[in-house]
Amino acid sequence: MILFENARLWDGFAEAATPGMSVLVEGETIREVAPAIASASARRIDLAGRTLMPGLVDCHVHLIASMVSFEANALLPDAVVAFRAGKLMREMLMRGFTTVRDLGGATLGLRLAWEEGLIEGPRVSLCGKALSQTGGHADFRTRADTRDFAFFESRLGSLGRLADGVDAVRRACREEIKGGADYIKLMANGGVASPSDPIAFLGYSDAELRAAVEEAAMAQTYVAAHLYTDEAIGRAVRAGIRSLEHCNLITAATAAEAAAAGCIACPTLVTYQALKEEGASLGLGPESVAKIDDVRLAGLESLDRMRGAGLTMVFGTDLLGPMHRRQSEEFVIRGAVLPAAEVLRSATSHAAVLLRQEGRIGCVAPGALADLLVVEGDPLADLTLLTRQGAHLAAIMQGGRFVKDAL
Ligand code: ZN
Ligand code: ZN
């Protein structure tokens with residue numbers, strides 16, 4: 001047992017942290033949270049007023065995306081993809097992310113390797129390969145490229161697969177769920193990093209969207225969809241899709257409709273900033289570079305609209321390749337528009353709702369997993385304390401085990 005004492009505690013929900021708190025960890029879970037806890041046998045750690053908070057959750061990552069070009073990534077040998085994913089996972093963990101949701105590419109194999117202790121990293125909620133229609137956001141072939149996409153789908157480095165038509169979509173959903181997917185991901189709108197789908201293009205017919213939602217519901221889970229334009233978002237909401245990725249061009253009216261339907265939005269602003277600054281030099285094609293500002297400039301304004309409509313937002317980043325080092329900058333970008341407590345809830349308690357792990361992750365409470373960060377200073381007053389690759393994190397605990405301890 002480990003007893004943290006004299007902590008400035010932020011529980012994942014409150015507007016402010018509470019000084020002078022104690023937290024008792026037993027095994028992999030939190031047993032007690034109180035101003036003073038008596039325990040004869042626990043190892044006592046005096047935090048001397050440092051902040052204790054839940055481990056962070058990034059709700060939109062691609063663990064297998066070690067390169068910016070989707071095609072180059074898909075052509076990497078599977079073993080290289082896997083080892084690079086392991087390295088990336090460890091780097092995410094050292095930034096304080098104890099859980100991530102992968103939106104395309106991560107497989108059951110990565111989770112099994114993590115469970116076996118072969119790699120250190122966040123817990124992963126995964127969807128297997130993202131589903132896309134021909135010419136959609138997972139189809140990275142250029143217009144003149146008529147190769148059969150099936151060749152790429154068999155590779156670990158391909159973050160998506162193609163499925164066209166209701167029956168093919170159902171089959172793909174069933175295959176991903178059989179293979180260990182926790183939820184289903186659809187590409188339901190044009191994208192930046194794919195060459196032949198302008199942002200305004202809608203992905204999938206209504207019948208295909210609804211088929212995926214039904215298949216997910218049968219497996220007691222939900223659908224997440226890649227979405228930018230208001231038209232695409234509204235259509236997804238009405239088809240029953242729960243997790244709305246990006247949402248850069250959402251209007252207030254659609255945000256209100258999404259909130260009423262119980263949807264959750266996952267903005268990913270840092271990736272457009274990073275693509276703008278670094279994309280071209282990292283191999284992003286000219287068709288893609290030309291599309292960045294279609295979504296980047298509207299992104300910041302979308303936060304205000306979604307907040308005003310009462311649409312719950314979670315923390316996401318969606319970075320590719322070497323840009324992953326910028327993961328925690330998303331806190332600072334959002335903090336320029338939203339209150340810090342709101343930003344932190346997006347990466348803790350709100351994320352837990354999306355992942356359907358309320359009370360288990362994203363909070364400091366009895367019965368929750370002991371995924372904890374010790375921060376030098378108060379992140380509610382200064383979100384930059386979560387940047388610099390974890391430099392301000394004195395300790396990181398995952399499932400009751402220290403993965404970093406500089407106390
Ligand atoms: Zn996307
Ligand atoms: Zn993504």
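**Exercise 1. Which protein donors does the zinc ion (ligand 2) have, and at what distances do they lie from it?**

Solution. The structure is a predicted model, in which local features need pLDDT of at least 70, side-chain atom pairs count only at pLDDT 80 or more, and totals for chains, interfaces and linings use all residues. Residues are numbered from 1 along each chain as its sequence is written, chains are lettered from A and ligands numbered from 1 in the order in which they are written, and side-chain values use heavy atoms, with hydrogens and water left out.

Begin with the term itself: donors are N, O and S atoms within 2.8 Å of the metal (3.2 Å for Na, K and Ca), and since water is not among the atoms, sites may look incomplete. For the zinc ion (ligand 2) the protein donors are NE2 of His 60, NE2 of His 62 and OD of Asp 318, at 2.0 to 2.2 Å. Along the chain, these donors follow the spacing H-x1-H-x255-D. Both His 60 and His 62 are buried, where buried means under 20% relative accessible area, exposed over 50% and partly exposed in between (1.4 Å probe, protein chains only).

**Exercise 2. Describe the coordination of the zinc ion (ligand 1), and place its donors in the chain.**

Solution. Two histidines coordinate the zinc ion (ligand 1), His 226 through ND1 and His 246 through NE2, at 2.0 to 2.1 Å. His 226 belongs to strand S12 (residues 223-229) and His 246 to strand S13 (residues 243-249), so the pair ties together parts that are 20 residues apart in sequence; strands (E, at least two residues) and helices (H or I, at least four) are DSSP runs, numbered from the N terminus. As for accessibility, His 226 is buried with a relative accessible area of 2%, and His 246 also counts as buried, at 1%. Finally, the zinc ion (ligand 1) and the zinc ion (ligand 2) are 3.7 Å apart.

**Exercise 3. Characterise the overall fold dimensions of the protein chain.**

Solution. Start from the secondary structure, which comprises 14 helices and 17 strands. The radius of gyration is 21 Å, close to the 22 Å that the globule rule gives for 407 residues, so the chain is as compact as a globular protein of that length; the radius is taken over C-alpha atoms, and the rule is 2.2 Å times the number of residues to the power 0.38. The C-alpha trace spans about 70 × 45 × 45 Å along its principal axes. Of the 407 residues, 60% are buried. Then turn to contacts (heavy atoms within 4.5 Å): among those between residues at least 6 apart in sequence, 71% join residues at least 24 apart.
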